[in-house]
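Here are my notes on this one, written so you can follow along with the structure open. Take the points in order and find each piece as you go.

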Amino acid sequence: MNESTFVLTAFAAIGLGTPIVFATLGEIITERAGVLNLGVQGMMLVGAVSGFWATFKTGNLLLGVVAAMIAGAVLSVIHAFSSITLRVSQIVSGIALTLFGTGLANFIGRTGTPALVGQPSRVTFEPLLTSGIADWPVVGPLVFGHDALVYVSWLVIAAASYYLFHTKMGLTLRAVGEDPASADAAGVEVARVRYVHVMVGGALAGLGGAYFSLALVPSWQDDPIGAAGWIAIALVILASWRPWRALLAAYLFGAAGRLNFTFQTLGVSVPANLLAMIPFILAIIAMIVLTSGKRARLLGAPAALGIPYAREQR
Amino acid sequence: MTARRLHVEPRGLASTRVTLLVPILSVLAALALGAAFLAVTGNNPWNVYTKMIDAAFGSSRSVSETLVSATPLMLTGVAAAIAFKMLVWNIGGEGQLLIGAVFAAGAGIALGDGTPAAVALPVVILTGAVGGALWAALSAVPRVMLGTNEIITTLMLNFIALNLMNYLVLGSFSPWRDPNSTQFPQGRPIPEAGRLPEFFHRLDWGIFIAVAVAIAAWLLIGKTRWGFEVRVVGDSADTARYAGIAVPRKIMGVFLLSGAAAGLAGSLLVAGILGKMDPRSLDLGLGFTGIIVAALARLNPVAVVPVAVLMGALNNAGPALQSISVPSATVTMLQGAILIFAVAGEFFIANRVRRRPPATPTALVEEGAT
């Protein structure tokens, strides 16, 4: 039962989806504050290399996670400064962050002797349980068979959902993303709220990157995360800026990443390149069907997304 | 926050001196940051930078290679510049370039040997531009008809284009794949008649086409009625509508021209140095580098030309750094930093920062200028 194609695919989907869960949630929190950050890919890569480096030096996974989150948050401050304080183009600033982060991560991975590149991980995240309830049919592996970070991702999604929709601070955050002028008039420090949430988003992107280098890929390579950061940006829309939907969407894309292998086991031959297109085609179709015109507002797109706020211009 | 100590006021129209100074300072600031970073990581910045200059401009061959690298960047730079000018966020230059290469190589292969160069060359090059425009249309049509945000669609189409190109050569036995390359899949060469002649080492006539397109784009945007209306739409879509400008048609036109420019970059690579659709030589991030070029050129299509040469020089310097044990990623890092400073510099072009408020409240007078 646990060896069935369904269970294997679903299990792999959760593993491959987890870094995207973190990154998508981070971007949701950032965009809820009214800031679009296209630097996710860069922040994930810098998180991935920082996490790998810290764990490689210390042998401690927790330190790796902390280093990745700090690195992601620090990088996001650049974008926060450009888009909140200087109020320049968020789109170009985010792309700049991705380019810089990509270069920085590959540089760190290849500088010094011995360079990190090609080095195997000293420790990686392993499933917490390997027997007992983890052996139960279907739910065993799918619910109890994961590593610690998967459970962390579930907790973070639950916490973020509660924070956004059931706390005063979450309400403030959404107000800042919807109507910063009114929030400002009500005494909210718009810039500070935006800075904090851009940095939280950066930390989560860094954590997502670290999941690649500390759990999925047991060595350091250049660009180990594929296009995960860009997929996360698309999933924010598919998830309509809601945390639980982000979890679901990320797992669906994890499953798509696994489809190639699944088709092989079923004896169906589908070219890998064509399968790799599916997530991106789905994202475009979803964009067109779900978010065109006025429907974007119904979905929950923050009204002030991507628009700088300047008090003088009220 | 900073308002207590620094006074910020909109500049209105910035002087030429400021608009030139800010991009130059952006590059210098990025180089300074890079030097500090290199020093911290145990590399000698002086050695790295002199090596880079030598690799990019040290000999006539390296100058030629720098210009070869700059040619596609001029076109992806123009593609981003004309779109961004109108607030059309086409960040799909990457995919439009790749599809341009697919179309150009497809045209060359379809024509086959025996077609005269006078026919083959224009057909190959123009088909690539059409390919880029069609790929852009996949985002432009939903944007214009339904209001679909083009940032995500152009971005996603980059990855679809990349996988499509890889499939045609690496994943299948399509007409694009060289039937003679059995062990290691390669693109099928296009006929000689479809190739651009080289005149300075590996540099071919494509660079003249790229420069001509940049000048044409500058004339179109700056000197024609059509271009004026495009700029009005870029400043304020509402104003444009009140003035009776057909905004959707303008957006469509700019979007397709932007895609065509990026597609042309792909066809010049196929008709030029590559001579075939070679996936490994095309997947270099030239579309994204074009965004750096456009931003640093402040969206001026003519300024794109020298900036593209600078970025081409950086791209060429990367591999040379490996010979002195410095990662080639240094170059990507520097390019990213240049873009960060260039985009931040837009603030200083738009605003004047003083230590204390001026005697007269000019900020109030010039309020609407941003």
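**Notes on the contacts**

1. Let's start where the two chains meet: 42 residues of chain A are in contact with 39 residues of chain B. Keep in mind that you're looking at a predicted model.

2. Which parts of chain A should you look at here? Four helices each supply at least two residues of the side that touches chain B: helix 3 (61-86), helix 4 (90-110), helix 10 (228-238) and helix 12 (272-291) of chain A. Helix 4 of chain A gives the most to that side, with 13 residues.

3. Now for the kinds of residue on the side of chain A that touches chain B. They split into 28 nonpolar, 12 polar and 2 charged.

4. Next, look inside chain B. Its domain assignment gives domain 1, made of 1-43 + 326-370, and domain 2, covering 69-323. The C-alpha centres of these two domains of chain B lie 29 Å apart.

5. How many residues of domain 1 of chain B are in contact with domain 2 of chain B? There are 13, and they meet 13 residues of domain 2. On the domain 1 side, the elements giving two or more residues are helix 1 (16-40) and helix 14 (329-350) of chain B. Helix 14 of chain B gives the most to that side, with 8 residues.

6. Finally, check the residue types on the side of domain 1 of chain B that touches domain 2 of chain B. You'll find 8 nonpolar, 5 polar and no charged residues there.

Terms used. Residues are numbered from 1 along each chain as its sequence is written. Chains are lettered from A and ligands numbered from 1 in the order in which they are written. This is a predicted model: local features need pLDDT of at least 70, side-chain atom pairs count only at pLDDT 80 or more; totals for chains, interfaces and linings use all residues. Domain bounds come from an automatic or database domain assignment. Two residues are in contact if their C-beta atoms, placed from the backbone, lie within 7 Å. Ala, Val, Leu, Ile, Met, Phe, Trp, Tyr, Cys and Pro count as nonpolar, Asp, Glu, Lys and Arg as charged, and the others, Gly among them, as polar.
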